[in-house]
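Please take a moment to look over the structure shown here, and keep it in view as you read the explanation that goes with it.

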Amino acid sequence: MAAVRSEGTFVVVGGGIAGVTCAEQLAVNFPAEDILLVTASPVIKAVTNFKQVSKVLEEFDVEEQPSTVLENRFPNIKVIESGVKQLKSEEHCIFTEDGHQHVYKKLCLCAGAKPKLICEGNPYVLGIRDTDSAQEFQRQLTKAKRIMIVGNGGIALELVYEIEGCEVIWAIKDKAIGNTFFDAGAAEFLTSKLMSEKSEAKIAHRRTIYTIEGAKDENRSKAKADNVGSALGPDWHGGLNLKGPEEFSHSIHIETRCEVKNIYLQEEFKITKKKPLTFPKHQDKPVTVDKETWPVYVELSNGKIYGCDFIVSATGVTPNVHPFLHGNNFDLGEDGGLKVDEQMRTSLPDIYAAGDICTACWQPSPVWQQMRLWTQARQMGWYAAKCMAAATSGHSIDMDFSFELFAHVTKFFNYKVVLLGKYNAQGLGSDHELMLRCTRGQEYVKVVMQNGRMMGAVLIGETDLEETFENLILNQMDLSSYGENLLDPNIDIEDYFD
Ligand SMILES: Cc1cc2nc3c(=O)[nH]c(=O)nc-3n(C[C@H](O)[C@H](O)[C@H](O)COP(=O)(O)OP(=O)(O)OC[C@H]3O[C@@H](n4cnc5c(N)ncnc54)[C@H](O)[C@@H]3O)c2cc1C
Ligand SMILES: NC(=O)C1=CN([C@@H]2O[C@H](COP(=O)(O)OP(=O)(O)OC[C@H]3O[C@@H](n4cnc5c(N)ncnc54)[C@H](OP(=O)(O)O)[C@@H]3O)[C@@H](O)[C@H]2O)C=CC1
C-alpha cells in the first residue's frame with residue numbers, strides 16, 4: 001500500500017481519557033481544522049456524567065465507546081484506529097501500523113502506561129490494565145482456588161474486596177494496607193470495617209476468613225453476598241464477575257512487610273525440595289483449600305512459600321514511552337514518564353504530553369502532586385489542548401486551577417474516600433501535625449496541619465467535609481486558634497468558616 005502523507009494538523013496519540021479529552025478540546029478551539037486522534041485501541045474512552053463536586057473535586061464515569069460516537073459529536077475529529085509505530089520528531093511526522101504517515105503541526109502524546117510487573121514474560125503473573133487483561137483475569141479466576149496479589153495500591157485494594165470464592169494471599173511491602181492512599185490509621189479503620197461489615201452479612205452459607213500475618217486470632221465472619229460488582233472503581237470491575245469456584249465469600253490472608261523473592265513453576269519447585277505453607281494454618285478451623293500441587297509457587301522475602309494458581313502483579317505502572325518513541329531525545333522523569341513543563345510541553349518542539357505517559361516537572365503548588373488517575377488524565381488532556389491552542393496564537397496561559405490542589409474522590413471497601421492536598425503529609429518532613437476523628441464503622445477524618453495551616457486531609461465515609469476542607473487548604477487560613485475544635489463533631493464547621 002502506498003504511504004499516505006496527510007499535511008500538518010493537530011495530532012493526538014491515544015484514545016484514553018487524556019487523549020480523547022485533548023482531542024475534544026482542540027476540536028472546540030479549532031472548529032475549522034481537522035483534529036486527528038490516532039489510537040491503537042478499537043474503542044475510545046469517554047468521560048460521561050461529569051460532575052464538578054466542589055471547586056476542585058470532580059466525579060465522572062468512564063465509558064468505552066466506538067470511535068464513531070466521538071466523530072459524530074465532533075465532526076472535525078477524525079479517529080485513526082492504528083498504533084503509532086514510529087515518531088520522527090525532526091520531521092514532525094508519525095508513522096502508523098497501517099502504513100500511513102501523518103505530519104503534525106502540534107502533537108500531543110497520550111499513550112498512557114502499562115502495568116509494571118514483578119516478573120515479565122511469566123504466564124502465571126497477570127497485570128490488569130485494560131478490558132482484555134481484566135477479562136483474562138476474570139477467566140482465570142473462575143478456575144482458581146488460590147491466587148496471590150502483590151502490591152498495595154488501588155488495584156489490590158479493589159480486588160481484595162471484590163474477589164469471592166477464591167483464597168487470596170495478599171503480599172504487601174508495608175505494615176498496613178493501601179499505602180498509596182492511606183496511613184496506618186486509615187488502613188486500620190478500613191480493615192476493621194471490612195471485617196465488621198462481613199459479620200452483618202445476610203447470607204449464612206457464605207463465610208469470610210480474614211487474617212493478617214502476625215495477628216493472634218483469625219477473624220472470621222459472614223459476608224454480604226450482594227456486594228459483587230458494587231462500584232469501587234468507576235467502571236472496570238462493574239461488569240466482571242470476580243468469583244472463584246469455591247462457595248465461601250472472602251478468604252484473605254495478608255502477608256505484611258515482604259516482597260516476592262522467587263517464583264517457581266511446578267516442575268522447578270519440585271527440584272528445590274522446599275516446603276510450601278498450607279493456608280490458612282489455624283488448627284481449629286477448616287482449611288478452605290488444600291491442594292497437593294499448585295501451578296506456581298511464590299517464595300516471599302519473609303521465607304514463606306505459597307502455592308497458588310496465579311499471581312496478580314498490582315505493582316504500579318510504567319509510562320508507555322517505548323518502543324514507538326525510541327530514537328527521539330525526550331527528557332524523561334525519574335518514573336520514566338515524558339517530562340512536561342507548566343505548558344504541558346515535552347522537551348521536543350511542538351510535542352506535548354498528558355495523562356499517565358507524562359511526568360509533571362513544573363514547580364507544583366505546595367498542595368498538589370501527580371498521581372496517575374483518571375481525574376488527572378482528564379485535567380491534563382484538557383489543559384494540554386488549551387496550551388496547544390494558546391501556543392498556536394503565540395501565547396502561553398496560566399496554569400489551570402485544577403493543579404492548585406490535589407483532589408481525588410473514589411471508593412474503597414464500599415466507602416466514599418476523599419483525598420485532598422498532602423493527604424499523607426507527602427514531602428512535609430516531620431514538621432507537621434495530624435488531627436484525627438474516627439467513629440468506628442462510620443467515618444475516618446484526618447487532617448494534616450503545618451504551621452497552623454491545613455495542608456491535606458483524608459475523609460472516609462459520608463463526612464460532608466470535603467468542600468470546607470478544600471477551601472481551608474486553598475486559602476491557607478491560619479487555624480491555630482481553633483485547635484482541636486476543628487474536628488469537633490458537635491461544631492458545624494461549615495457555619496464556622498462561612
Ligand atoms: C484497573 C484499573 C483501575 C483504575 N481505577 C481508577 C479509579 O478508580 N480512579 C482513577 O482516578 N483512576 C483509576 N485508574 C487509573 C486510570 O485508569 C488512568 O490513570 C487513566 O485512565 C490514564 O488515562 P490515559 O489517557 O493517560 O491512558 P490510557 O487510558 O492508558 O490510554 C492510553 C491510550 O493510548 C493508546 N496507545 C498506547 N500506545 C499507542 C501507540 N503506540 N499508538 C497509538 N495509540 C497508543 C492506547 O490504546 C490507549 O487508547 C485505574 C487504572 C486501572 C488499570
Ligand atoms: N480507586 C482508585 O483511585 C484507583 C486507582 N488506580 C490507579 O491505577 C494505577 C495502577 O494501580 P496499581 O497497580 O494498584 O498501582 P499503585 O501505584 O496504586 O500501587 C502500586 C503498589 O505496588 C507496590 N509495589 C511496587 N513495586 C512493588 C514490588 N516490586 N513488590 C511489591 N510491591 C510493589 C507499591 O508500593 P510502593 O508505593 O512502596 O512502591 C504500591 O503499593 C495507579 O495509577 C492507581 O493510582 C487503580 C485502581 C483504583
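The paragraphs that follow go through the two ligands, a helix, some aromatic rings and a few details of the backbone. Keep in mind throughout that this is a predicted model.

We begin with ligand 1, which is surrounded by 30 residues, and the closest of these are A18, V84, R129, D356 and W374. If you sort the shell around ligand 1 by class, you find 16 nonpolar, eleven polar and three charged residues. Two of the closest residues, D356 and W374, also return when we look at individual atoms: an oxygen atom of ligand 1 is 2.9 Å from a polar backbone atom of D356, and a backbone N or O atom of W374 lies 2.8 Å from an oxygen atom of ligand 1. Taken alone, ligand 1 would expose 1,000 Å², and the protein buries 86% of that area. A nitrogen atom of ligand 1 takes part in a contact as well, since a backbone N or O atom of A40 lies 3.0 Å from it.

Which helices and strands each supply at least two residues of this shell? They are helix 1, which covers residues 17–29, strand 2, which covers 35–39, and helix 7, which covers 374–392. Helix 7 gives the largest share, and that share is three residues.

Helix 1 deserves a closer look. Helix 1 has 13 residues, and from its first C-alpha to its last it reaches 18 Å, which is close to the 18 Å expected at 1.5 Å a residue. Is this helix largely enclosed by the rest of the structure, or largely open? Eleven of its 13 residues are buried, and therefore helix 1 is largely enclosed by the rest of the structure. Among these buried residues are I17, A18, G19 and V20, and A18 is also one of the residues closest to ligand 1.

Ligand 2 can be read in the same way. Around ligand 2 there are 22 residues, of which I155, N179, R372, H408 and T410 come nearest. By class, its shell holds eight nonpolar, ten polar and four charged residues. The side chain of T410 has an N or O atom that is 2.7 Å from a nitrogen atom of ligand 2. The backbone takes part too, for a backbone N or O atom of N152 lies 3.1 Å from an oxygen atom of ligand 2, and a polar backbone atom of A314 is 3.4 Å from an oxygen atom of ligand 2. On its own, ligand 2 has 900 Å² of accessible area, and the protein covers 77% of it. Helix 4, which spans residues 154–162, and strand 24 each supply at least two residues of this shell.

We now turn to the aromatic rings. A pair of aromatic rings is described by the distance of the centres and the angle of the planes. In this model the count comes to 16 aromatic pairs. In one of them, the rings of Y264 and F269 have their centres 5.7 Å apart and their planes at 50 degrees, so the pair is tilted. Y264 counts as buried at 11% relative accessibility, and F269 is buried with a relative accessible area of 5%.

The rings of W362 and F403 have their centres 5.4 Å apart and their planes at 80 degrees, and so this pair is edge-to-face. W362 lies in the loop between strand 23 and helix 7, while F403 lies in the loop between helix 7 and strand 24, so the pair ties together parts that are 41 residues apart in sequence. W362 counts as buried at 7% relative accessibility, and F403 is buried with a relative accessible area of 1%. Ring pairs link W362 and F403 with W368 and Y383 into a cluster.

Some details of the backbone remain. H322 and P323 are joined by a cis peptide bond, with omega about -5 degrees, and P323 is found in the loop between strand 20 and strand 21. R257 is not a glycine, yet it has a positive phi of about 45 degrees; R257 lies in the loop between strand 15 and strand 16. F413, which is not a glycine either, has a positive phi of about 50 degrees, and F413 is found in the loop between strand 24 and strand 25. Are these two residues buried or exposed? R257 counts as exposed at 57% relative accessibility, whereas F413 is buried, with a relative accessible area of 1%.

Notes: Residues are numbered from 1 along each chain as its sequence is written. Chains are lettered from A and ligands numbered from 1 in the order in which they are written. This is a predicted model: local features need pLDDT of at least 70, side-chain atom pairs count only at pLDDT 80 or more; totals for chains, interfaces and linings use all residues. Side-chain values use heavy atoms; hydrogens and water are left out. A residue is near a molecule or strand if one of its heavy atoms lies within 4 Å of it. A polar contact is a pair of N or O atoms within 3.5 Å; within protein, one must be able to donate a hydrogen and the other to accept it, and residues adjacent in sequence count only if both atoms are side-chain atoms. Accessible areas come from the Shrake-Rupley method with a 1.4 Å probe; for residues, only the protein chains shown count as cover. Helices (H or I, at least four residues) and strands (E, at least two) are DSSP runs, numbered from the N terminus. Ala, Val, Leu, Ile, Met, Phe, Trp, Tyr, Cys and Pro count as nonpolar, Asp, Glu, Lys and Arg as charged, and the others, Gly among them, as polar. Rings of Phe, Tyr and Trp (its six-membered ring) pair if their centres lie within 6.5 Å; planes under 30 degrees apart count as stacked, over 60 as edge-to-face and the rest as tilted. Buried means under 20% relative accessible area, exposed over 50%, partly exposed in between (1.4 Å probe, protein chains only). The expected span of a helix is 1.5 Å times one less than its number of residues.
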